[in-house]
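Biologist: I'd like to go through this one with you and hear the reasoning behind each label. Can you put it up?

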Amino acid sequence: MEKHDLKAWNEELEMYVQQQTIELTRQNQEYELLYKKMKSGFKDFTITISNLIELRDKSMASHSNDVAMFSHGLARKMGLDDGDTETVAVSAQLHDIGKIGISDSVLFKDVEEMAPYEWEEYKTHPVRGQTALTSNEILRESGFLIRHHHEAFDGRGFPDGLKGDAIPLGSRIIAIADRYDRLLLTRTPGKALEEMRSFSGTHFDPEILSFFRESAREITRADTFKDRAMESEFHPEDLMPEMITSRDVKSGTGLLLISKGIVLNPRKIDSLRRHYRLDPPRTGVYVWVESKSI
């Protein structure tokens, strides 16, 4: 091959490589965008399913969303990697899916008021949750975590009576977030955390609970914030991340959308805006605002 032919061939090869590199870069960008859309769609799907569950019990509206939020924050605080953190969050979002098959007479009763046969029915919901998800390969691990989110650290939980580290880590995280969010229905964040501390070593893993106290304070800061804040009403379109709800937010037909004392994030704000368009309340959203900024 002559010298000038070799040079021409090298130039053509270089141009071909550049074109292929540009095309591969474009394809990778398209795949990345598609992946992000699929991931976002999957999250929206889990939220939709959990919202359908909560339609049966309006008093617990937003519970699954809040438990997912607390679980995600706790997993990150503990240093779990992104994949494990997302699995915990998805599992938390769907942790009550097994309650779809529980009768209303049991579902709407406090545990203390249940007859023995009702308690036995109630205890089946974590197993039903796992059963509902086990055929889906993507959600199979979440089903495993859901099965064990009512196990107790001292072995007195259900359905399998697992104890200590035998309980999956994700399940121990969800258990703490679940109980805390339920306590917030009737208690301030400070009182709820104080009560959670009394279950350390019995219901909950003490080490994880210590991480949760820090994580929860970062998410629900209303108790310390109110001393230097004033309550103000905002239209949903004017809400901003980091605002803290000062009252429960309910839809026009009385569905609880978000509890008081919760720090708003972009997802919660988007959800509130959608609900206000579909089922508008008579008032706006009440939040705490620092006095100096009013």
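Biologist: Let's start at one end: which helix does Val17 lie in?

Modeller: Val17 lies in helix H1, residues 3–54. Keep in mind that this is a predicted model.

Biologist: And what makes Val17 partly exposed?

Modeller: Its relative accessible area is 44%. Buried means under 20% and exposed means over 50%, so a value in between is called partly exposed.

Biologist: Which residues form the nonpolar patch on the surface with Val17?

Modeller: Leu6, Trp9, Leu13 and Tyr16 join Val17 there, and together the patch has about 490 Å² of accessible area.

Biologist: On to the rings. How many aromatic pairs does a search of the whole structure find?

Modeller: The search gives 7 aromatic pairs. One of them is Phe70 with Tyr180.

Biologist: Why is the pair of Phe70 and Tyr180 called edge-to-face?

Modeller: The ring centres are 5.1 Å apart and the planes stand at 85°. Centres within 6.5 Å make a pair, and planes over 60 degrees apart count as edge-to-face, so both conditions are met.

Biologist: What parts of the chain does that pair link?

Modeller: Distant ones: Phe70 is in helix H2 (residues 63–77) and Tyr180 in helix H8 (residues 169–183), 110 residues apart.

Biologist: Is Tyr180 buried or exposed, and how do you know?

Modeller: Tyr180 has a relative accessible area of 0%, so it counts as buried. Phe70 is also at 0% and buried.

Biologist: What makes Tyr180 and Phe212 an edge-to-face pair?

Modeller: Here the distance is 5.0 Å centre to centre, with 80° between the planes. The angle is over 60 degrees, so edge-to-face is the right label. Tyr180 is in H8 and Phe212 in helix H10 (residues 206–219), so this pair ties together parts that are 32 residues apart in sequence. Phe212 is at 0% relative accessibility, so it counts as buried. Ring pairs link Phe70, Tyr180 and Phe212 into a cluster.

Biologist: What puts the charged end of Arg247 over the ring of Tyr286?

Modeller: The charged end is 3.7 Å from the ring centre. The distance cut-off is within 6 Å, with a second condition on the angle to the ring normal. Arg179 likewise lies over the face of Phe199, at 4.9 Å from the ring centre.

Biologist: How do you know that Gln93 is buried?

Modeller: Gln93 has 5% relative accessibility, and the limit for buried is under 20%, so the label follows. Gln93 lies in helix H3, residues 82–93. Leaving aside its neighbours within four places in sequence, its contacts are Thr46, Ile47, Ser50, Ser64, Asn65 and Ala68.

Biologist: What about His235, where does it lie?

Modeller: In the loop between strand S1 (229–234) and strand S2 (244–245). At 48% relative accessible area, His235 is under the 50% limit for exposed, so partly exposed is the label. The C-alpha atoms of His235 and Thr283 are separated by 8.2 Å, though the two are 48 residues apart along the chain.

Biologist: Any backbone oddities? What kind of peptide bond joins Phe158 and Pro159?

Modeller: A cis one, with omega about 10°. Pro159 is in the loop between helix H7 (140–147) and H8. Then there's Glu242, in the loop between S1 and S2. Glu242 isn't a glycine, yet its phi is positive, about 85°.

Biologist: Why do those get pointed out?

Modeller: Because most residues other than glycine have a negative phi, and most peptide bonds are trans.

Key: Residues are numbered from 1 along each chain as its sequence is written. This is a predicted model: local features need pLDDT of at least 70, side-chain atom pairs count only at pLDDT 80 or more; totals for chains, interfaces and linings use all residues. Side-chain values use heavy atoms; hydrogens and water are left out. Rings of Phe, Tyr and Trp (its six-membered ring) pair if their centres lie within 6.5 Å; planes under 30 degrees apart count as stacked, over 60 as edge-to-face and the rest as tilted. Helices (H or I, at least four residues) and strands (E, at least two) are DSSP runs, numbered from the N terminus. Buried means under 20% relative accessible area, exposed over 50%, partly exposed in between (1.4 Å probe, protein chains only). A charge sits over a ring if NZ of Lys or CZ of Arg is within 6 Å of the ring centre and within 35 degrees of the ring normal. Contact means heavy atoms within 4.5 Å. Patches are made of residues with over 30% relative accessible area and no salt bridge: like charges are joined within 9 Å, nonpolar side chains (Val, Leu, Ile, Met, Phe, Trp, Tyr) within 5 Å. Accessible areas come from the Shrake-Rupley method with a 1.4 Å probe; for residues, only the protein chains shown count as cover. A salt bridge is a side-chain nitrogen of Lys or Arg within 4 Å of a carboxyl oxygen of Asp or Glu.
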